[in-house]
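This report follows one strand pairing and the helix that links its two members, and then turns to the nonpolar core.

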Amino acid sequence: MNLAQVLLDQNRSRPDSPAYQDDQREISFGQLERETRQLATWLTKQGLEPNEIVTIAMPNSIDAVKSFLAVILAGGISAMVNPVAKKR
């Protein structure tokens with residue numbers, strides 16, 4: 001079982017509970033699971049190989065979370081980059 005599966009398993013016990021919330025929207029565990037699995041399936045059909053590294057360059061958002069989880073769920077390795085983060 002990987003990190004994505006552990007997080008998405010929360011759907012079974014609390015599908016309507018908020019999984020993520022930001023200033024723009026909120027998403028339930030059930031919705032997060034459906035959308036993440038859909039993206040993971042698409043990534044696999046596009047040819048994502050097991051242990052392939054995928055760099056995700058997105059600002060922090062629910063879409064970034066779904067992308068991160070989908071890559072892991074599809075068997076890939078996810079590397080997150082926030083292009084709008086301030087350099088220290």
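In which sense do strand E3 and strand E4 pair, and over how many bridges? Strand E3 (residues 53–57) and strand E4 (residues 77–81) pair in the parallel sense, over five bridges, where pairing requires that DSSP finds at least two bridges between the strands; helices (H or I, at least four residues) and strands (E, at least two) are DSSP runs, numbered from the N terminus. Thr-55 has Ala-79 in E4 as its bridge partner. Between E3 and E4 the chain passes through helix H4 (residues 62–73), in a β-α-β crossover that is right-handed, that is, clockwise from the first strand over the helix to the second with the strands pointing away from the viewer.

This is a predicted model, in which local features need pLDDT of at least 70 and side-chain atom pairs count only at pLDDT 80 or more, whereas totals for chains, interfaces and linings use all residues. Residues are numbered from 1 along each chain as its sequence is written, and side-chain values use heavy atoms, with hydrogens and water left out.

| Element | Residues |
|---|---|
| Strand E3 | 53–57 |
| Helix H4 | 62–73 |
| Strand E4 | 77–81 |

Nine of the twelve residues of H4 are buried (under 20% relative accessible area, 1.4 Å probe, protein chains only), so H4 is largely enclosed by the rest of the structure. Just after H4, Gly-75 takes a positive phi of about 100°.

The largest nonpolar core (buried Ala, Val, Leu, Ile, Met, Phe, Trp, Tyr and Cys residues joined through side-chain atoms within 4.5 Å) has eight residues, among them Ala-40, Ile-56 and Ala-70. H4 gives the most to this core, with three residues.

Terms used: Buried < 20%, exposed > 50% of the residue type's maximum accessible area, 1.4 Å probe, protein only.
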